Amino acid sequence: MKDLIIRDLCKTYNGKTVLDRLNLTIPAGKTTAILAPSGYGKTTLLRCLMGLETADSGTIEGLEGIRVSVVFQEDRLLEGFGAEANIRLCSPEASGEQVREGLRAFSLGDAEGKPVSAFSGGMKRRVSLLRALMAPYDLLLLDEPFHGLDEELREQIMEETNRRSHGKTVVLVTHDPYEAERMQAVQTVHLESLVQEQRK
């Protein structure tokens, strides 16, 4: 996969400019962290990268023909299905043992046989993240993926996420600079400062 090159990207909602001539290069095979308060276009940028939003103007180069896997802010799980079934929806080629190994690595080994509707918020978040990591992808987009996890569990899941996404292009949206550091981001983009600078 090539670097993603964002040129002069603009997006407006209901008369409010969210992205204004954004220019950014996302290096291939590395993690880029995007930090900003709410309302500065972090999620909008991810939605443009995944093709769910069309920019008003500007371009994103390097998305042609690549596979994208996503963790949304919402878990987006099928509540009546178990963890393994939810994961298999996105990675049907994975063996049963691979899925079970992933569940154990994410401290979900005791969740087998239970519907997701019976899970805690933190368990659902881990299933959502594991599902994205086990799907085939070239670009991984993570929107606040560790939200709702306690400190010890968050450390474990960040380490496992690093291991499983090594060598892939990752874009991490977070409010926490520590998560950017822990995820070994090669660049941390403070979108608030970047947007303000480009508005001058």
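**Exercise 1.** Determine which residues of helix H5 are buried, and which elements they pack against.

*Solution.* Take H5 (residues 151–165) as a DSSP run, where helices are H or I runs of at least four residues and strands are E runs of at least two, numbered from the N terminus. Applying the burial cut-off (under 20% relative accessible area, with a 1.4 Å probe and protein chains only) gives Leu153, Arg154, Ile157, Met158, Glu160, Thr161, Asn162 and Ser165. Next, searching for contacts, meaning heavy atoms within 4.5 Å, shows that these buried residues pack against H3, H4, S6, S7 and helix H6 (177–182). The model is predicted, so local features need pLDDT of at least 70 and side-chain atom pairs count only at pLDDT 80 or more, whereas totals for chains, interfaces and linings use all residues. Residues are numbered from 1 along each chain as its sequence is written, and side-chain values use heavy atoms, without hydrogens and water.

**Exercise 2.** Compare the span of H5 with its expected value.

*Solution.* The expected span is 1.5 Å times one less than the number of residues; the 15 residues of H5 should therefore span 21 Å, and the end C-alpha atoms are 21 Å apart, which agrees. After H5 comes Gly167, with a positive phi near 85 degrees.

**Exercise 3.** Describe the contact of H3 with H5.

*Solution.* Glu101, Gly102 and Ala105 of H3 meet Gln156, Glu160, Arg163 and Arg164 of H5. Sorting these residues, with Ala counted as nonpolar, Glu and Arg as charged, and Gly among the polar ones, yields one nonpolar, two polar and four charged.

How values were computed
Axes are lines fitted to C-alpha atoms, for helices over the stretch in contact, and angles run from 0 to 180 degrees between N-to-C directions. Buried means under 20% relative accessible area, exposed over 50%, partly exposed in between (1.4 Å probe, protein chains only).
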